[in-house]
Amino acid sequence: MTLSLPPLTLVLGGAASGKSDYAERLVAATGRPMLYVATAQAHDAEMADKIARHKARRGAEWRTIEAPLDATPALAAADASEVVLFDCATMWLSNHLFAEAHLPDAEARLLSALSGCAAPVVMVSNEVGASIVPENALARRFRQAQGELNQQLARHADGVVTVMAGLPLVLKGALPEGAP
């Protein structure tokens, strides 16, 4: 049986919660061709290793488009027969913060691109609000911006799932029948 996904599903979770793995399984369960929109950049050896592990886990059946800043062309390139995994909004946001981009404009473009995407999209994002208040201004700005972005994405999403210890918990909508 293949899964039918709504236009936008948001998968949230903390670091190492299993959110990316769950999102990958959700996308794979559709039986459709899979497009991975990658937002991470390998600025150091540790991140390069993490990206390599993610690529190896996904395998060759995924079509990948790297979109660390402008996701519009990647989302526009999705065919209606595909399903898109956008991993992740947190890296996308971090890239914009480091580029000193105007966040409201970047977020508006992202939301517009998500709305215009011909394929269903599963968006992965980190939940960062359950931690202590960061000690430096950039980390506090990031935490605030991530929380606001997650709220916007959740408002636009048809389904929102949080993942803790690898287990999905529905916050909005319902998991499709047969979801992992």
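**Exercise 1.** In this predicted model, state which residues of helix 1 are buried.

*Solution.* Begin with the extent of the element: helix 1 covers residues 19-28. Apply the cut-off, under 20% relative accessible area for a buried residue. The residues of helix 1 that are buried are K19, S20, Y22, A23, E24, L26 and V27. Finally, set this against the length of the helix: seven of its 10 residues are buried, so that helix 1 is mostly covered.

**Exercise 2.** Place helix 1 within the order of elements of the protein chain.

*Solution.* Count the elements: the protein chain has six helices and seven strands. Then read them from the N terminus, which gives β-α-β-α-β-α-β-α-α-β-α-β-β.

**Exercise 3.** Why does the radius of gyration of the protein chain agree with that of a compact globule?

*Solution.* Take the chain length, 180 residues. For a compact globule of that length, the expected radius of gyration is near 16 Å. The protein chain has 15 Å, which agrees with this expectation. For the dimensions, the C-alpha trace spans about 50 × 30 × 30 Å along its principal axes. Next comes burial: 44% of the 180 residues are buried. Last, consider the contacts with a separation of 6 or more: 75% of them join residues 24 or more positions apart.

**Exercise 4.** Describe the accessible surface and the charges of the protein chain.

*Solution.* The accessible surface comes to about 9000 Å². Carbon and sulfur atoms account for 56% of this area. For the charges, count 15 positive and 19 negative. The mean positions of these two sets lie 2 Å apart.

Conventions: Residues numbered from 1 in each chain as written. Predicted model: local features only at pLDDT ≥ 70, side-chain atom pairs only at ≥ 80, totals over all residues. Heavy atoms only, no water. Helix = DSSP H or I, 4+ residues; strand = E, 2+ residues; numbered from the N terminus. Rg over C-alpha atoms; globule rule 2.2 N^0.38 Å. Buried < 20%, exposed > 50% of the residue type's maximum accessible area, 1.4 Å probe, protein only. Contact = heavy atoms within 4.5 Å. Areas by Shrake-Rupley, 256 points an atom, 1.4 Å probe, with all protein chains shown as cover. Lys, Arg positive; Asp, Glu negative; His and termini not counted. Charge placed at Lys NZ, Arg CZ, Asp CG, Glu CD.
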